[in-house]
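Subject: Handover of a structure and notes on its contents

Dear colleague,

Please find the structure below, passed to you for your reference. My notes on what was found in it follow directly after.

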Amino acid sequence: MGIPPASKDVLIIGGGGAGLTAALYTSRAKLSTLLLEKLTPGGQIALTDLVENYPGFPEGVTGTDISQRMEEQAKRYGTEVVYEEAAGIEKKNGIFQVKALDKTFQARAVIVASGASYRNLGVPKERELTGRGVSYCATCDGAFFKGKELVVVGGGDSAMQEGLFLTRFATKITVVHRRDKLRASPLLQERALHHPQMKFIWDTVVTEVLGEKKVEGVRLKHVKNGKAQDFKTDGVFVFVGHDPNTGFLKGLVELDGKGYVKTSEGLKTNVPGIFACGEVRSGAVKQLVACCGEGCEAALAAQAYLENQE
Ligand code: NAP
């Protein structure tokens with residue numbers, strides 16, 4: 001007995017670079033494709049000011065521009081985009097049932113490209129003062145800090161890139177990093193370390209955000225000598241990495257110790273018919289160009305899987 005007809009051939013969860021590229025490939029292969037995105041097309045890239053390392057754009061391209069173009073390109077070949085968040089997946093009679101808030105979508109194959117979300121510091125007052133000086137998105141909130149002084153937490157590419165972006169608005173950016181070496185790529189490090197508006201506090205963590213109605217400062221602790229100090233600031237931008245968006249897969253798809261999806265050759269998960277690509281995948285290179293490449297690979301694997309089912 002063949003597989004009963006489902007509403008779509010392929011359902012893609014996540015509309016970042018990986019998901020949108022997968023959608024482009026499956027829809028161009030004439031597979032009916034539905035893409036679920038919880039927020040905005042482009043995922044994390046849409047929140048990035050300028051993408052300078054995607055081939056073909058020697059002057060760089062804004063995160064919003066490339067995201068909208070990728071969505072437009074996938075839709076042009078028939079991808080249907082629905083703004084819903086996946087809450088769970090089940091397989092019934094050979095068909096995947098993907099549950100969203102109040103709807104269930106059906107498909108013969110699923111590509112998980114749900115990416116990762118920014119990590120919180122988990123310190124007192126961080127949550128209460130989010131939107132009142134605590135932020136995780138420089139392109140969204142940077143303009144509110146014209147002429148102000150800011151703290152950026154983290155030592156990776158995001159902290160350096162977004163910190164540099166914030167120098168357009170704030171007069172001074174103090175980067176607080178828990179080690180004495182940055183994790184960011186050499187080019188971004190060099191730019192940040194030499195920028196006259198950027199200062200660095202090394203070997204230090206934020207232990208509390210200070211302020212009542214809005215951020216007034218941060219409490220810092222030196223990790224080597226334990227010394228605490230209060231540091232005045234108008235805002236805190238947190239860029240301390242990401243956690244995978246895989247809550248909806250628990251109990252179904254095999255995850256690694258950090259919650260990323262494990263895959264084998266062809267970006268297959270342990271569940272036949274479910275593929276994973278991009279930042280959500282264990283071992284992925286977290287760069288837009290690599291995520292797009294994985295989206296292509298997952299789409300071709302899904303296509304081969306569906307052809308074998310027929
Ligand atoms: P990341 O590379 O994981 O860096 C996170 C930074 O936050 C690290 O410096 C880490 O310190 C620090 N950190 C982690 N937890 C912390 C905590 N609880 N308290 C204080 N500090 C903490 O994350 P990311 O910068 O968001 O980058 C994610 C991925 O996207 C990376 O693969 C990156 O290369 C990529 N990316 C690329 C670009 C680009 O190519 N232009 C731009 C943005 C992001 P340690 O260094 O001590 O671990």
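D49 counts as buried, at 18% relative accessibility; here buried means under 20% relative accessible area, exposed over 50%, and partly exposed in between, computed with a 1.4 Å probe on protein chains only. The model is a predicted one, in which local features need pLDDT of at least 70 and side-chain atom pairs count only at pLDDT 80 or more, while totals for chains, interfaces and linings use all residues. Residues are numbered from 1 along each chain as its sequence is written, and side-chain values use heavy atoms, with hydrogens and water left out.

The partner of D49 in a salt bridge (a side-chain nitrogen of Lys or Arg within 4 Å of a carboxyl oxygen of Asp or Glu) is R168, with the closest N and O atoms 3.0 Å apart. R168 lies in the loop between helix 4 (157–166) and strand 12 (172–176), and D49 in the loop between strand 2 (33–36) and strand 3 (50–51), so the pair ties together parts that are 119 residues apart in sequence. Helices (H or I, at least four residues) and strands (E, at least two) are DSSP runs, numbered from the N terminus. Unlike buried D49, R168 is exposed, with a relative accessible area of 54%.

The structure holds 16 salt bridges. Another of them joins the side chains of R191 and E52, at 3.0 Å from N to O. Because R191 lies in helix 5 (residues 186–193) and E52 in the loop between strand 3 and strand 4 (61–62), this pair ties together parts 139 residues apart in sequence. R191 is partly exposed at 35% relative accessibility, and E52 is partly exposed at 44%. In addition, D180, D203 and K224 are linked in a network of salt bridges.

Turning to the interior, the largest nonpolar core has 30 residues. Such a core is a set of buried Ala, Val, Leu, Ile, Met, Phe, Trp, Tyr and Cys residues joined through side-chain atoms within 4.5 Å. The residues with the most contacts inside this core are I12, I111, F275, C277 and L288. Among the elements that give two or more residues to it are strand 1 (8–13), strand 8 (104–112) and helix 6 (288–309); helix 6 gives the most, with nine residues.

Leaving aside neighbours within four places in sequence, C277 is in contact (heavy atoms within 4.5 Å) with A18, I111, V112, A113, L267, E294, G295 and A298. A second, separate core of 23 residues includes L36, I89, F248 and A276.

Yours sincerely
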